[in-house]
Amino acid sequence: MSNSAAYVSSAAGPAEAHVCSTAGPAEAKPDKWQRVTAIAGLLSVLAVAAGLVITNNYNREQQALALQGQITDRFTKAVEQLGQPGRQKIDVRLGAIYALQRIMRDSAAD
């Protein structure tokens, strides 16, 4: 017998000795359920990744819509302030002009 292929265990005595083979890792094959489990795990990871990408795109669209809504609200408020009559409201109208200037600078596309 070769040392690398098998060894004899004689802990119970010479009459009850048995031979245990030491199969290397190259000889071990995964069974069918291990393959199915591994494939299912990979598919679930891919599904989660796809979900994250879709959610990220949706969140970006929602953020852009919220930003457009904020710009619209700021513009509407500035126009309302600009239209206030009276000499006492000169500071409000000046603030509205500065607000419109800030909107103009912040959103070049609008």
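Me: How much area does the chain expose, and what share of it do carbon and sulfur atoms supply?

Reply: In this predicted model, the chain exposes about 9500 Å². Carbon and sulfur atoms supply 61% of that area.

Me: What percentage of the residues in the chain is buried?

Reply: A residue counts as buried when its relative accessible area is under 20%. Of the 110 residues in this chain, 7% are buried.

Me: Which pattern does the chain follow when it is read along the sequence?

Reply: The chain has 2 helices and 2 strands. Read along the sequence, their pattern is β-β-α-α. Helix H1 spans residues 32–82 and helix H2 spans residues 90–106.

Me: Among contacts between residues at least 6 apart in sequence, what share joins residues at least 24 apart?

Reply: The share is 23% in this chain.

Me: How many salt bridges does the structure hold, and which residues are linked in a network of them?

Reply: To read such a pair, one looks for a side-chain nitrogen of Lys or Arg within 4 Å of a carboxyl oxygen of Asp or Glu. The structure holds 2 salt bridges, and Arg74, Arg102 and Asp106 are linked in a network.

Me: Where do arginine 74 and aspartate 106 lie, and what does their pair tie together?

Reply: The closest N and O atoms of arginine 74 and aspartate 106 are 3.4 Å apart, and the two residues form a salt bridge. Arginine 74 lies in helix H1 and aspartate 106 in helix H2, so their pair ties together parts that are 32 residues apart in sequence.

Me: By about how much of the helix are aspartate 106 and arginine 102 separated?

Reply: Aspartate 106 also forms a salt bridge with arginine 102, with 3.0 Å between the closest N and O atoms. These two residues are 4 apart in helix H2, which means that about one helical turn separates them.

Me: Are the residues of this network buried, exposed or partly exposed?

Reply: The class between buried and exposed, from 20% to 50%, is called partly exposed. Arginine 74, at 34% relative accessibility, counts as partly exposed. Aspartate 106 is partly exposed at 43%, and arginine 102 is partly exposed at 45%.

Me: Which residues form a nonpolar patch on the surface, and which helix gives the most to this patch?

Reply: The patch consists of Leu82, Leu94, Ile97 and Tyr98, which together have about 380 Å² of accessible area. Helix H2 gives the most, with 3 residues. Leucine 82, by contrast, is in helix H1. Its relative accessible area is 36%, so leucine 82 is partly exposed.

Notes: Residues numbered from 1 in each chain as written. Predicted model: local features only at pLDDT ≥ 70, side-chain atom pairs only at ≥ 80, totals over all residues. Heavy atoms only, no water. Buried < 20%, exposed > 50% of the residue type's maximum accessible area, 1.4 Å probe, protein only. Contact = heavy atoms within 4.5 Å. Areas by Shrake-Rupley, 256 points an atom, 1.4 Å probe, with all protein chains shown as cover. Patch = residues over 30% accessible without salt bridge, like charges linked within 9 Å, V, L, I, M, F, W, Y side chains within 5 Å.
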